[in-house]
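User: I'd like to learn how to read a protein fold from its coordinates. Could you walk me through one?

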Amino acid sequence: MDGMKYAVFTDKSIRLLGNNQYTSNVKSGSTKAEIKHWVELFFGVKVIAMNSHRLPGKGRRMGPIMGHTHYRHMIITLQPGYSIPPLRKKRT
């Protein structure tokens with residue numbers, strides 16, 4: 001459960017919901033197999049395919065220290081008949 005950061009709600013991700021595809025950001029160190037296993041176990045669904053790409057890191061400053069965010073963007077395709085409830089939105 002630690003691997004999933006938050007669900008992504010953009011125009012494209014909402015359009016993909018019609019194809020039973022869900023979009024979320026996960027930790028960059030997580031593998032597809034780990035995320036697939038976690039989604040199937042936690043939500044009780046069957047995952048057909050997963051597509052991912054690494055997002056470019058954004059700079060984050062905490063005083064004099066400069067850090068970067070590192071996320072991986074995942075599109076999870078489920079078998080027909082399965083669905084997952086909406087994940088929590090990112091706090092802004």
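User: Let's start with one residue: is Ser30 buried or exposed?

Analyst: Ser30 counts as buried, because its relative accessibility is 9%. The general idea is a cut-off: buried means under 20% relative accessible area, exposed means over 50%, and partly exposed lies in between, with a 1.4 Å probe and protein chains only. Before we go on, this is a predicted model, where local features need pLDDT of at least 70 and side-chain atom pairs count only at pLDDT 80 or more, while totals for chains, interfaces and linings use all residues. Residues are numbered from 1 along each chain as its sequence is written, and side-chain values use heavy atoms, with hydrogens and water left out.

User: Where is Ser30, and which residues does Ser30 touch, not counting those up to four places away in sequence?

Analyst: Ser30 sits in the loop between S2 and H2. Leaving out residues up to four places away in sequence, Ser30 touches Gly3, Ile35 and Arg72. A contact here means heavy atoms within 4.5 Å.

User: You mention S2 and H2. How many helices and strands does the protein have?

Analyst: The protein has 2 helices and 6 strands. Both are DSSP runs numbered from the N terminus: helices are H or I with at least four residues, strands are E with at least two. Read from the N terminus, the order of elements is β-α-β-α-β-β-β-β.

User: How do I read the sheet, and in what order do its strands lie?

Analyst: Start with the pairing rule: two strands pair if DSSP finds at least two bridges between them. Here 4 strands form an open sheet in the order S1-S2-S6-S3, with antiparallel pairing. Strand S1 (4–7) and strand S3 (47–54) are the edge strands, each pairing on one side only. Ignoring direction, neighbouring strands of this sheet are turned by 30° against each other on average. For angles, axes are lines fitted to C-alpha atoms, for helices over the stretch in contact, and the values run from 0 to 180 degrees between N-to-C directions.

User: How many bridges join each pair?

Analyst: S1 and S2 are joined by 3 bridges, and Ala7 stands opposite Ser24 in S2. Between S2 and S6 there are 7 bridges, and Thr23 has Ile75 in S6 as its bridge partner. S3 is joined to strand S6 (residues 71–78) by 7 bridges, with Thr77 in S6 as the bridge partner of Ala49.

User: What should I know about side chains in a strand, and how many residues of S2 are buried?

Analyst: In a regular strand, side chains alternate between the two faces of the sheet. S2 is mostly covered, with 6 of its 7 residues buried. Helix H2 (residues 32–43) lies across S1, strand S2 (21–27), S3 and S6, and runs at about 135° to S3.

User: That leaves S4 and S5. What do they form?

Analyst: They form a hairpin with 2 residues between them. Strand S4 (residues 59–62) and strand S5 (residues 65–68) pair in the antiparallel sense over 4 bridges, and Gly59 has His68 in S5 as its bridge partner. Backbone angles are worth a look as well: Gly63 in the turn has a positive phi of about 70°.

User: Which residue has a positive phi although it is not a glycine?

Analyst: Asn20, with a positive phi of about 65°. Asn20 is in the loop between H1 and S2, and counts as buried because its relative accessible area is 14%.

User: What about Leu17: where does it lie, and why is it called partly exposed?

Analyst: Leu17 lies in the loop between helix H1 (11–16) and S2. It is called partly exposed because its relative accessibility is 39%. Sequence distance and spatial distance are separate things to read: Leu17 and Thr77 are 60 residues apart in sequence and 9.4 Å apart in space, C-alpha to C-alpha. For Asp11 and His37, the values are 26 residues and 27 Å, again C-alpha to C-alpha. Asp11 is in helix H1 and is exposed, with a relative accessible area of 67%.

User: Finally, what can I read for the whole chain?

Analyst: Buried residues make up 34% of the 92 residues. The C-alpha trace spans about 50 × 25 × 20 Å along its principal axes. Among contacts between residues at least 6 apart in sequence, 65% join residues at least 24 apart.
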